[in-house]
Amino acid sequence: MKVRLLRALSVATVVVGATTAAVTGTAGTAGALVPAKHTNVKVTIDDDGCPAKLTVPAGPATFKVSNEGDGSVSEFEVLSDGRIIGEVENIAPGLHGSFSLTLKPGAYSTKCPGGSEHETGKLTVTGTADTKLTPSQQSSVDTYRTYLEDQTAQLVTATDAFVAAVKAGNVDLAKQLYAAARIPYERIEPVAETFGDLDPKIDARKGDVPDKEWGGFHKIEQALFVGNTTDGMSDVATELQADVATLANLMGSVELQPAAVANGAVELLNEVSASKITGEEERYSRLDLVDFAANVEGARAAFDAVKPLLTGKNAALASQIGTRFGAVDAALVPYRAGTSYVLYTSLAPSDTKSLSQVIDALAEPLSTVAKHLVKQ
Amino acid sequence: MSGREHSARARPSRRGFLTAAGAGALGALTAGTVAGDLLSGATPAAADDALAGAQVPFHGLHQAGIVTPAQDRLLFATFDLTTNDRGDVVRLLQEWTRAARRMTAGAPVGSDNADLDAPPDDTGEAAGLGPASLTVTFGVGGSLFRKDGVDRYGLAARRPAALVDLPEFAGDVVDPARSDGDLAVQACADDPNVCFHAIRNLARIARGTAVLRWSQMGFGRTSSTDATQETPRNLMGFKDGTNNVVAEDTDALRSSVWVGAADDPAWMRDGSYMVVRRIRMLLEVWDRSTLADQQLTIGRTKTAGAPLGARREHDAVDLDATSDGDPVIPVDAHIRLAAPSEAEGARLLRRGYSFTDGIDPVTNQLDAGLFFVAFQRDPRTGFVRVQQNLATDALNEYIRHTGSGVFAIPPGTTPTGFVGETLLA
């Protein structure tokens, strides 16, 4: 469910030791140009939790996590200032999983939710990292960062207006403003999801979190579109506004790399496939197609930012993806209603099927972009 | 089902078709093996050495999966093309051929399966399972040549006359959503994972060019295509297809299954035509029928599979035998109406599978039956002729034809060619 935009370089690794960690540097796999400093970090988790202390050199690192417990712990996270920057979930006992990220020198923490002895651990990153981007990479990243900042500003403005209408008890106005606030969020959701608890607080659907913790957009959506009321929503709206403000403050701290931006585009299309095309996301307002279009717009912006880099490496792929974005746009046209989209309830199964097909056709080649961008 | 059947699959084929590696090799590939090792750059040849399981050659005069020994598992799927560019169709069939060549050798598709920064080319679930006798058989439907009146690929003039649209038969309740398709793929193997892997990866390769239209999984073969295979039973509990055309019957293959050198069009020579029918069995009704009724419906004994009036399965079917003036094999018995002698000698190579799709939501009854697959030289004198005879089949009370398709199966290919080349190149 949670997406990691800050995924970066990585190499293959082998299996593990005891509740300690071993660190090795390796050469890259065939076909992948991997920086010399790439580090493999072997981590074993068990029912006690995480290794108490890990030390890793700065630079790109792959965490290969094995679970030797009985299942009460199944997740390993790396956090920086309380924010998850990398994680692997649902590692069943006896199995392993991995993730990669680029680490700067400094103090980090690890977390293994449910661990009885060491639910958290220390991670020290030593030395200096070489995370310099080439000028063209920097240009791509800057382009996307500008988009992120612009969308974040829109999100704050639209959320403020929405919250004001909810607090004023103006149901009709709040319903109108709901979609406007959702759009910028859906365009940049994979980035928002990197900030630990913020995404569930802002965007959880009923059942994603324990009922008593449930808040954010969709709780207010339910009140507005099912109960036709704003009763009891004032505090929820206040908290939503605060969470969006926090998100906006954190946005500037996100480190971006071209491959991660490209993967963010794929994540947005996966969002479409998993929860928009099925009508799960906006189950009360039925504005799923609004989110659908916003996810695609966000994916397009991310792709456009890295397209100059990709064109230099695989022009045919860049062109194919451009064509398929066009096919998605064309497929959405019949469902436009003024400046918005028709309700999900007016879609026939044949409509959702053909929309799903164009998304799949686009997401498949898009998922191969990142590998071209990590190779210099 | 029997030891005999098992040994039939494990033995090296008389044509040298099966390259069985030692079973011990499989043991070395334990669950702990890192998938990436298996997936990285293994060539088909290397995979042969590393993986156990029988291999059926992909290349040949004819496509595999027709007369090669029927495996126990099927996943059949059809696709609709979403492109209007003939070049895209060619590229798809080339890529599909490449992928099938590797998968039938037990190798992963593609070349990039170890890069942690990219989705692997191969989806991975068949790693370590070996070739598992996988055959991948490709066909083209009538809609490839013209769809909704449009000749999308300039192929309309090349449609074989034998690739007919089936007429509506008595008792058909065919669902268009479970019928037809521009392209068809039959994946058969000893292991259902291997079948699923094949179709899944072909569907993935097709993304942006073709979409899945419908699919059907078969969990157990109901036909034998090799004289050494025992006749299996269908879900009615009967041995069906005792008099099938088998691999050893070269005269019948030539006259009834393969498109001949004198047949039109030339691009279909050494190919065949495939008819598929999803035949739902009303099993609850069947199970309430007396044994006598069941046997009179089929025309065979249930246990031995012998024709009524005879003792053993392979005894001759005597349609003229009478008892007290009545035919021993009733006039509406299935084996009488399906007999070649009743249809100008029409013979079909049947390669069907039992299927279930769970529970019928309307009736809460089992949604199960026979996925009928038959190959023939010409459906007009083959399936269509036989099926017309079956209009009065006593079996119709217990079955419904709910899905349908006819596909031209092009000839086989070479290590450098692709299936469909004779049509599209």
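## A residue to start with: Q365(B)

Q365(B) is partly exposed, since its relative accessible area is 27%. This is a predicted model, and Q365(B) is a handy place to begin a tour of it. In chain B, Q365(B) sits in the loop that runs between β10 (353–359) and β11 (366–376).

Which residues does Q365(B) touch, leaving aside those up to four places away in sequence? They are R280(B), E284(B), G358(B), I359(B) and D360(B). K147(B) gives a sense of scale: 218 residues separate K147(B) and Q365(B) along the chain, and their C-alpha atoms are 36 Å apart.

## Chain A in outline

Let's turn to chain A. Its 376 residues include 11 helices and 11 strands. Buried residues account for 53% of the chain, and the accessible surface of chain A is about 15300 Å². Carbon and sulfur atoms supply 52% of that surface.

How do the contacts in chain A spread along the sequence? Taking those between residues at least 6 apart in sequence, 70% link residues at least 24 apart. Two helix pairs and a disulfide, described below, give concrete examples of how parts of chain A meet.

## The pair α7 and α8 in chain A

Helix α7 (residues 258–276) of chain A packs against helix α8 (residues 288–313) of chain A, with an angle of about 160° and an axis separation of 8 Å. Are the two helices parallel or antiparallel? The angle is over 145 degrees, so α7(A) and α8(A) count as roughly antiparallel. Their crossing is left-handed.

If you would like to look at the contact itself, the α7(A) side includes V261(A), A265(A), L268(A), L269(A) and V272(A). On the α8(A) side, the residues taking part include F292(A), V296(A), A299(A), F303(A) and V306(A). The list also has charged members, among them E271(A) and K276(A) in α7(A), and D288(A) and D291(A) in α8(A).

## The pair α9 and α10 in chain A

Further along, helix α9 (residues 315–332) of chain A and helix α10 (residues 349–366) of chain A pack at an angle of about 160°, with 9 Å between their axes. This pair, too, is roughly antiparallel, and the crossing of α9(A) and α10(A) is left-handed.

Which residues bring α9(A) and α10(A) together? From α9(A) they include L317(A), I321(A), F325(A), V328(A) and L332(A). From α10(A) they include L355(A), V358(A), I359(A), L362(A) and L366(A). Q320(A) and R324(A) in α9(A) take part as well, and so does P365(A) in α10(A).

## Cysteines, bonded and free of a bond

How many disulfides does the structure hold over all chains? There is 1, and it joins C50(A) to C112(A) with an S to S distance of 2.0 Å. The two cysteines come from distant parts of the chain, 62 residues apart: C50(A) is in the loop between β2 (39–45) and β3 (53–57) of chain A, and C112(A) is in the loop between β8 (106–111) and β9 (120–126) of chain A. Both C50(A) and C112(A) are buried. The torsion about their S-S bond is about 115°, so this disulfide is right-handed.

In chain B, why is there no bond between the sulfurs of C188(B) and C195(B)? The sulfur of C195(B) is the closest cysteine sulfur to that of C188(B), but at 6.2 Å it is too far for a bond. The reverse holds too, because C188(B) has the closest cysteine sulfur to C195(B), again 6.2 Å away. C188(B) is buried, with a relative accessible area of 0%, and C195(B) is likewise buried at 0%.

## Backbone features worth a look

Most residues other than glycine have a negative phi, and most peptide bonds are trans. Against that background, a few places in the model deserve a visit. N90(A), although not a glycine, has a positive phi of about 55°. N90(A) belongs to the loop between β6 (83–88) and β7 (96–103) of chain A. Is N90(A) buried or exposed? With a relative accessible area of 65%, N90(A) is exposed.

In chain B, the loop between α7 (250–257) and β6 (272–281) holds P265(B). A cis peptide bond joins D264(B) to P265(B), with omega about -10°. D270(B) is in the loop between α7 and β6 of chain B; although not a glycine, D270(B) has a positive phi of about 75°. D270(B) counts as partly exposed, with 26% relative accessibility.

Key
Residues are numbered from 1 along each chain as its sequence is written. Chains are lettered from A and ligands numbered from 1 in the order in which they are written. This is a predicted model: local features need pLDDT of at least 70, side-chain atom pairs count only at pLDDT 80 or more; totals for chains, interfaces and linings use all residues. Side-chain values use heavy atoms; hydrogens and water are left out. A disulfide is a pair of cysteine sulfur atoms within 2.5 Å. Helices (H or I, at least four residues) and strands (E, at least two) are DSSP runs, numbered from the N terminus. Buried means under 20% relative accessible area, exposed over 50%, partly exposed in between (1.4 Å probe, protein chains only). Contact means heavy atoms within 4.5 Å. Accessible areas come from the Shrake-Rupley method with a 1.4 Å probe; for residues, only the protein chains shown count as cover. Axes are lines fitted to C-alpha atoms, for helices over the stretch in contact, and angles run from 0 to 180 degrees between N-to-C directions. Angles under 35 degrees count as roughly parallel, over 145 as roughly antiparallel, 65 to 115 as roughly perpendicular and the rest as oblique. A crossing is left-handed if the near helix is turned anticlockwise from the far one by less than a right angle, and right-handed if clockwise.
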